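Visitor: Could you walk me through this one, a few spots at a time? I'd like the reasoning along with the answers.

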Amino acid sequence: MYAAFRSIGAYAPEKILSNDELTKMVDTTDEWITKRTGIKERRIAAENETTSDMAVKAAEKAIERSGLNKSDIDMIVVATISPDYFNMPSTATVVAHKMGLDKVTAFDISAACTGFIYVLSVAKAFIESGMKKNVLIVGAEKMSAITDYTDRGTCILFGDGAGAAVISATENKEEAIVDIHTAADGSLGDFLMTPDGGTGNPHKNELKAEASFIQMKGNETFKIAVRTLTNDVVDILKTNNITPNEVTHFVPHQANYRIIKAVGDALKFRDEQVVLTVAKYGNTSGASIPMAINEVYEQGKLKAGDLMLLDAFGGGLTWGSALVPFSPLTK
Ligand code: UT7
């Protein structure tokens with residue numbers, strides 16, 4: 001049994017936070033943000049809009065486009081670092097309940113910006129082992145809830161949103177996800193972290209919102225991201241005897257245009273191969289790759305049989321890449 005990437009869906013909240021608006025909040029300029037990151041604006045969820053609310057909207061689209069019924073889904077895995085609840089219930093169980101799917105396996109994965117590659121690998125493994133048939137994977141983040149809007153080094157980067165995909169069992173090897181690499185290096189955990197509130201640094205008294213705000217060593221993370229992603233992408237292509245030219249869509253995690261450009265140039269990808277959403281959504285962490293795939297899909301540029309190369313890097317530190325043909329049921 002193989003795992004096929006059947007469909008994609010995404011959701012972006014309505015509210016736009018522009019670079020100009022950020023200049024009123026911290027000491028920065030539109031020019032600096034544009035030049036150093038490629039970001040022009042990002043979306044911000046409504047105050048009462050949760051990560052699971054966004055996840056459900058993306059998931060419903062993905063299921064509708066898969067040609068399957070909601071009841072065919074037998075597992076939901078959500079990648080998020082901004083869950084509805086700090087410890088439990090998991091966002092995946094909230095999503096399952098909101099969608100009326102009360103008898104599915106449901107759990108979250110915490111791998112920061114690499115989250116979508118990790119949940120994809122989990123779906124592939126469950127399907128190939130014969131344990132599940134139709135897995136809904138989601139990357140959903142309300143990054144605005146864990147961002148410090150007084151820190152110009154991080155608040156200019158992050159945005160909110162969700163993306164989802166349906167991964168299904170197939171006996172047709174041509175439809176199958178080719179390969180997935182996932183990795184981590186915990187020795188660099190302090191490059192990107194929310195330091196307080198867990199058992200590593202427990203609260204002695206009342207819980208404060210600032211406790212879960214992101215702290216990042218931006219420049220150090222940037223350098224490791226470029227090096228690691230380039231090596232990882234070269235490696236997955238080489239292992240599978242695939243040339244960059246055979247990749248239809250290179251879909252990198254949308255952290256910073258300069259990182260994407262450096263990796264893309266190293267692989268000699270043509271501009272039309274590289275998917276870019278960073279200008280309008282910023283960095284939506286685990287949601288960024290499925291939101292980017294959805295963009296290509298909604299532009300009518302994602303066709304059956306197209307080969308996608310996904311790659312991501314984030315907190316943990318974690319990273320990963322995947323070679324994924326788009327294999328819709330209805331061709
Ligand atoms: O998605 C998960 C993984 N995360 C990433 O991959 C993020 C990787 N990091 C980055 O994208 C970049 O490092 C940043 C965009 C965060 C920062 O860009 P940079 O080119 O690495 O700048 P830097 O941190 O080396 O800072 C250069 C200067 C500093 O000023 P001084 O010390 O040279 O006077 C910063 O204080 O830029 C200053 N700076 C800013 N200036 C205006 C930092 N943030 C800002 C800002 N506006 N928003």
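Visitor: Let's start with Ser 285: buried or exposed?
Guide: Keep in mind that this is a predicted model, where local features need pLDDT of at least 70 and side-chain atom pairs count only at pLDDT 80 or more, while totals for chains, interfaces and linings use all residues. Residues are numbered from 1 along each chain as its sequence is written, and side-chain values use heavy atoms, with hydrogens and water left out. The scale here is relative accessible area: buried is under 20%, exposed is over 50%, and partly exposed is in between (1.4 Å probe, protein chains only). Ser 285 comes out at 0% relative accessibility, so it counts as buried.

Visitor: And what is its phi, given that Ser 285 is not a glycine?
Guide: Ser 285 sits in the loop between helix 8 (278-281) and helix 9; helices (H or I, at least four residues) and strands (E, at least two) are DSSP runs numbered from the N terminus. Its phi is positive even though Ser 285 isn't a glycine, at about 50°.

Visitor: Which residue with a positive phi follows helix 6?
Guide: Look in the loop between helix 6 and strand 11 (249-252). The residue there has phi near 55°, and it isn't a glycine. At 68% relative accessibility it counts as exposed. The residue that follows helix 6 with this positive phi is Asn 241.

Visitor: How far apart are the end C-alpha atoms of helix 6?
Guide: The expected span of a helix is 1.5 Å times one less than its number of residues. Helix 6 covers residues 218-239, which is 22 residues, so it should span 32 Å. The model agrees, with the end C-alpha atoms apart by 31 Å.

Visitor: At what angle do the axes of helix 6 and helix 7 cross?
Guide: Two packed helices are described by the angle between their axes and the distance between the axes. Axes are lines fitted to C-alpha atoms, for helices over the stretch in contact, and angles run from 0 to 180 degrees between N-to-C directions. The axes of helix 6 and helix 7 (residues 257-266) come within 9 Å of each other and cross at roughly 30°.

Visitor: Roughly parallel or roughly antiparallel, then?
Guide: Angles under 35 degrees count as roughly parallel, over 145 as roughly antiparallel, 65 to 115 as roughly perpendicular, and the rest as oblique. Helix 6 and helix 7 are therefore roughly parallel.

Visitor: Which residues of helix 7 meet helix 6?
Guide: Contact means heavy atoms within 4.5 Å. From helix 6, the residues involved are Phe 222, Ala 225, Val 226, Leu 229 and Thr 230. Their partners in helix 7 are Arg 258, Ile 259, Ala 262, Val 263 and Ala 266.

Visitor: How many nonpolar residues does that contact of helix 6 with helix 7 have?
Guide: Ala, Val, Leu, Ile, Met, Phe, Trp, Tyr, Cys and Pro count as nonpolar, Asp, Glu, Lys and Arg as charged, and the others, Gly among them, as polar. On that basis there are 1 polar and 1 charged residues in the contact of helix 6 with helix 7, and the number of nonpolar ones is 8.

Visitor: How do helix 3 and helix 4 cross, left-handed or right-handed?
Guide: Helix 3 (residues 51-66) and helix 4 have axes 9 Å apart and pack at an angle of about 55°. That makes helix 3 oblique to helix 4. A crossing is left-handed if the near helix is turned anticlockwise from the far one by less than a right angle, and right-handed if clockwise. Helix 3 passes helix 4 in a crossing that is right-handed.

Visitor: How many residues of helix 5 are buried?
Guide: Helix 5 (residues 115-128) reaches 20 Å from its first C-alpha to its last. Its buried residues include Phe 116, Tyr 118 and Lys 124. It is largely enclosed by the rest of the structure, because out of its 14 residues the number buried is 10.

Visitor: Which residue forms a cis peptide bond with Met 88?
Guide: Search the loop between strand 4 (75-79) and helix 4 (91-98). There, with omega near 0°, the cis bond runs from Met 88 to Pro 89.

Visitor: And what is omega for the cis bond joining Gly 316 and Leu 317?
Guide: Leu 317 is in the loop between strand 12 and strand 13 (318-325). For the cis bond joining Gly 316 and Leu 317, omega is about -10°.
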